[in-house]
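Q: Please take a close look at a single part of this structure. I would like a connected account of one strand, its pairing partners and the charged contacts around them.

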Amino acid sequence: MTSASPIAIRDIDHVVLRVAALQPMLDFYCNVLGCTVDRRRDELGLVQLRAGRSMIDLVPVNGPLGRAGGAPPGREGRNVDHICLRLETFDEAGIRRHLEAAGVSAPPASTRYGADGEGPSIYVTDPEGNTVELKGPPWPRDSSTNAAPTANTPTST
């Protein structure tokens with residue numbers, strides 16, 4: 001493509017691992033590798049670990065999110081759910097135009113939690129069927145409550 005891309009990757013925001021046994025994975029990533037539990041969403045079946053500036057999400061295959069991902073990890077089941085690329089900026093309209101021009105379809109952006117907090121993201125699928133999340137900067141925090149917005153807040157870029 002000859003025009004400048006609206007997608008400027010900063011780094012990997014997070015990796016999501018589908019796990020058959022949560023506790024051994026927590027022991028390995030926390031006790032062996034030094035990650036810490038950043039957030040738990042037990043109602044979804046999600047444990048988010050801090051790994052330096054990035055995150056490693058553990059999704060038990062028997063939880064709500066894990067069941068949606070298909071077979072458990074193994075020879076015939078996927079272990080990596082998706083990779084997330086943290087973008088420098090997030091111009092949803094520009095990103096969508098760019099993806100459409102490349103023949104890539106994508107659903108509307110949603111607010112999701114990542115290494116830097118809640119912010120906009122779009123999921124796309126690569127030619128081999130791998131899911132890639134394009135994650136924008138976190139939403140500005142409300143100084144009166146120190147909370148991030150809970151609904152999709154329009155970006156201004």
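A: The part chosen here is strand S4, which covers residues 54–60 and is mostly covered, with six of its seven residues buried. The model is a predicted one, and the description below should be read accordingly.

Strand S4 pairs with two other strands. On one hand, strand S1 (residues 9–19) runs parallel to S4, and six bridges join the two. Within this pairing, valine 19 has proline 60 of S4 as its bridge partner. On the other hand, S3 and S4 are antiparallel, with five bridges between them. Here arginine 50 is matched with methionine 55 of S4. S3 and S4 form a hairpin, and two residues lie between the strands. The turn contains glycine 52, whose phi is positive, at about 65 degrees.

Arginine 50 leads from the backbone pairing to the side-chain contacts. Besides its bridge partner in S4, methionine 55, arginine 50 has a salt bridge to aspartate 38, with an N to O distance of 3.5 Å. This contact links distant parts of the chain, since arginine 50 belongs to strand S3 (residues 46–51) and aspartate 38 to strand S2 (residues 36–41), 12 residues apart. Neither partner falls under the 20% cut-off for a buried residue: arginine 50 is partly exposed because its relative accessibility is 21%, and aspartate 38 is likewise partly exposed because its relative accessible area is 32%.

Strand S2, which spans residues 36–41, leads on to further charged pairs. Arginine 40 forms a salt bridge with aspartate 42, and their closest N and O atoms are 3.2 Å apart. Arginine 40 has a relative accessibility of 42%, so it counts as partly exposed. Aspartate 42 is at 53%, and therefore exposed. Arginine 41 and glutamate 43 also meet through their side chains in a salt bridge, at 2.7 Å from N to O. In this pair, arginine 41 is partly exposed because its relative accessibility is 28%, whereas glutamate 43 counts as exposed because its value is 51%. Elsewhere, Arg10, Asp11, Arg53, Arg86 and Asp116 are joined into one network by salt bridges that share partners. Across the whole structure, the search finds eight salt bridges.

To return to the strand itself, S4 has six buried residues out of seven, a parallel partner in S1 and an antiparallel partner in S3.

Methods:
Residues are numbered from 1 along each chain as its sequence is written. This is a predicted model: local features need pLDDT of at least 70, side-chain atom pairs count only at pLDDT 80 or more; totals for chains, interfaces and linings use all residues. Side-chain values use heavy atoms; hydrogens and water are left out. A salt bridge is a side-chain nitrogen of Lys or Arg within 4 Å of a carboxyl oxygen of Asp or Glu. Helices (H or I, at least four residues) and strands (E, at least two) are DSSP runs, numbered from the N terminus. Buried means under 20% relative accessible area, exposed over 50%, partly exposed in between (1.4 Å probe, protein chains only). Two strands pair if DSSP finds at least two bridges between them.
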